[in-house]
Amino acid sequence: MEFTDVRVSAANLLLGEGRGFEIAQGRLGPGRLHHCMRLIGLAERALEMLCRRAGAFGRRLSEQGVTLERIAERIEIDKARWLVLNAAYMMDTVGNRAAKKEIAMIKVAAPKIACRVLDWAIQVHRGAGVSQDLLLAHAYAGARSLRLADGPGEVHRAQIGKLELCRYLSA
Ligand SMILES: Cc1cc2nc3c(=O)[nH]c(=O)nc-3n(C[C@H](O)[C@H](O)[C@H](O)COP(=O)(O)OP(=O)(O)OC[C@H]3O[C@@H](n4cnc5c(N)ncnc54)[C@H](O)[C@@H]3O)c2cc1C
């Protein structure tokens with residue numbers, strides 16, 4: 001069996017020997033931004049499915065106040081979208097390190113709203129919502145896992161709290 005020579009030459013080192021972890025860490029911010037962008041898209045898709053289903057049959061579910069309340073999660077989706085846009089703007093203008101609070105904020109907000117809207121969409125689809133016929137249950141598992149992956153929500157919230165406190169303690 002032949003082995004490829006995997007020794008690294010200086011020419012193809014990305015940042016420097018022993019600095020791989022640094023690269024991995026550096027990718028965390030942009031990676032989280034991508035997760036959140038996808039989650040906003042997922043929340044939009046779930047809201048659309050919720051609305052279409054609510055208006056679709058029998059005594060329309062859309063006539064019930066509780067359904068309208070759930071559709072009004074539009075507010076939270078748009079809030080999360082603006083937070084994501086703001087974090088992206090900060091990363092572009094002041095850098096990932098300076099934008100760490102904004103990144104932590106979206107990593108908490110986006111999975112939370114995606115899960116909530118997916119949950120309401122599942123509810124309005126009844127049994128079909130948790131079946132494999134629709135994308136909702138699978139999407140919920142994905143969105144829910146992003147409350148764990150790339151740092152659990154608690155850790156991001158703790159970081160937000162510390163960064164917020166720093167503004168006052170260091171003054
Ligand atoms: C679908 C999925 C994909 C993943 N992909 C990757 C990947 O590509 N690369 C990679 O490196 N890792 C990946 N992970 C790992 C992921 O980053 C970790 O699972 C995550 O950071 C949580 O770490 P842990 O599992 O060790 O849980 P722990 O750190 O043990 O946390 C478990 C629970 O304890 C609580 N908790 C933890 N810390 C605190 C705290 N400080 N304060 C309060 N409560 C706390 C939270 O409720 C948390 O959910 C993935 C995980 C999942 C679920």
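**The ligand shell**

Select the ligand and the residues around it: by class, this shell comprises four nonpolar, two polar and two charged residues. The model is a predicted one. Display Ser 145, Leu 148, Ala 149, Asp 150, Gly 151, Pro 152, Glu 154 and Val 155, which together surround the ligand.

Next, show the oxygen atoms of the ligand and trace their contacts with the protein. In the side chain of Glu 154, an N or O atom lies 2.7 Å from an oxygen atom of the ligand. At Asp 150, the partner is a polar backbone atom, 3.1 Å from a ligand oxygen. Gly 151 also takes part through its backbone, with an N or O atom 3.4 Å from an oxygen atom of the ligand. How much of the ligand's accessible area does the protein cover? On its own the ligand has 960 Å² of accessible area, and the protein covers 30% of that.

**Asp 150 and its loop**

Keep Asp 150 selected and follow the backbone on either side. Asp 150 is placed in the loop between α5 and α6. Its phi angle is near 60°, a positive value in a residue other than glycine. With a relative accessibility of 23%, Asp 150 counts as partly exposed; this is the residue whose backbone supplies the 3.1 Å approach to a ligand oxygen.

**Helix α6 and its link to α4**

Proceed to helix α6, residues 153-169, and select Glu 164 and Arg 167. These two residues are three apart in the sequence, about one turn of the helix. Their side chains form a salt bridge in which the closest N and O atoms are 2.6 Å apart. Glu 164 is partly exposed, its relative accessible area being 27%.

Without deselecting Glu 164, add Lys 101. Lys 101 belongs to helix α4, residues 100-125. The side chains of Lys 101 and Glu 164 make a polar contact at 2.8 Å. Is Lys 101 buried or exposed? Lys 101 is buried, because its relative accessible area is 17%, and the cut-off for buried is under 20%.

**The charged network at helix α3**

Now select helix α3, residues 74-93, and show the side chains of Arg 74 and Asp 78. Side chains of opposite charge can pair when their charged atoms come close. Arg 74 and Asp 78 meet in a salt bridge, 3.0 Å from N to O. They are four residues apart, about one turn of the helix.

Add Arg 81 to the selection. Arg 81 also forms a salt bridge with Asp 78, with 2.7 Å between the closest N and O atoms. Here the separation along helix α3 is three residues, again about one turn of the helix.

Color these side chains by accessibility. Arg 74 counts as partly exposed at 31% relative accessibility. Asp 78 is likewise partly exposed, at 27%, and Arg 81 is partly exposed at 27%.

For the wider picture, count the salt bridges: a search of the whole structure finds 11. The bridge between Arg 167 and Glu 164 in helix α6 has already been visited. Salt bridges with shared partners join Glu 44, Arg 74, Asp 78 and Arg 81 into one network.

**The loop after α4**

Return to α4 and move into the loop between α4 and α5, where Arg 126 lies. Inspect its backbone: phi of Arg 126 is near 50°, a positive value in a residue other than glycine. Arg 126 counts as exposed, at 53% relative accessibility.

**The segment before α1**

Finally, turn to the segment before α1 and select Leu 15. Which residues form a nonpolar patch on the surface with it? Leu 14 and Ile 23 join Leu 15 in the patch, and the three have about 300 Å² of accessible area together. Leu 15 itself is partly exposed, with a relative accessible area of 42%.

Ala 11 is found in the segment before α1 as well. Ala 11 is exposed, with a relative accessible area of 76%. To end the tour, draw a distance from the C-alpha of Ala 11 to the C-alpha of Tyr 140: the two are 44 Å apart in space. In sequence, 129 residues separate Ala 11 from Tyr 140.

Notes. Residues are numbered from 1 along each chain as its sequence is written. This is a predicted model: local features need pLDDT of at least 70, side-chain atom pairs count only at pLDDT 80 or more; totals for chains, interfaces and linings use all residues. Side-chain values use heavy atoms; hydrogens and water are left out. A residue is near a molecule or strand if one of its heavy atoms lies within 4 Å of it. A polar contact is a pair of N or O atoms within 3.5 Å; within protein, one must be able to donate a hydrogen and the other to accept it, and residues adjacent in sequence count only if both atoms are side-chain atoms. Accessible areas come from the Shrake-Rupley method with a 1.4 Å probe; for residues, only the protein chains shown count as cover. Ala, Val, Leu, Ile, Met, Phe, Trp, Tyr, Cys and Pro count as nonpolar, Asp, Glu, Lys and Arg as charged, and the others, Gly among them, as polar. Patches are made of residues with over 30% relative accessible area and no salt bridge: like charges are joined within 9 Å, nonpolar side chains (Val, Leu, Ile, Met, Phe, Trp, Tyr) within 5 Å. A salt bridge is a side-chain nitrogen of Lys or Arg within 4 Å of a carboxyl oxygen of Asp or Glu. Buried means under 20% relative accessible area, exposed over 50%, partly exposed in between (1.4 Å probe, protein chains only).
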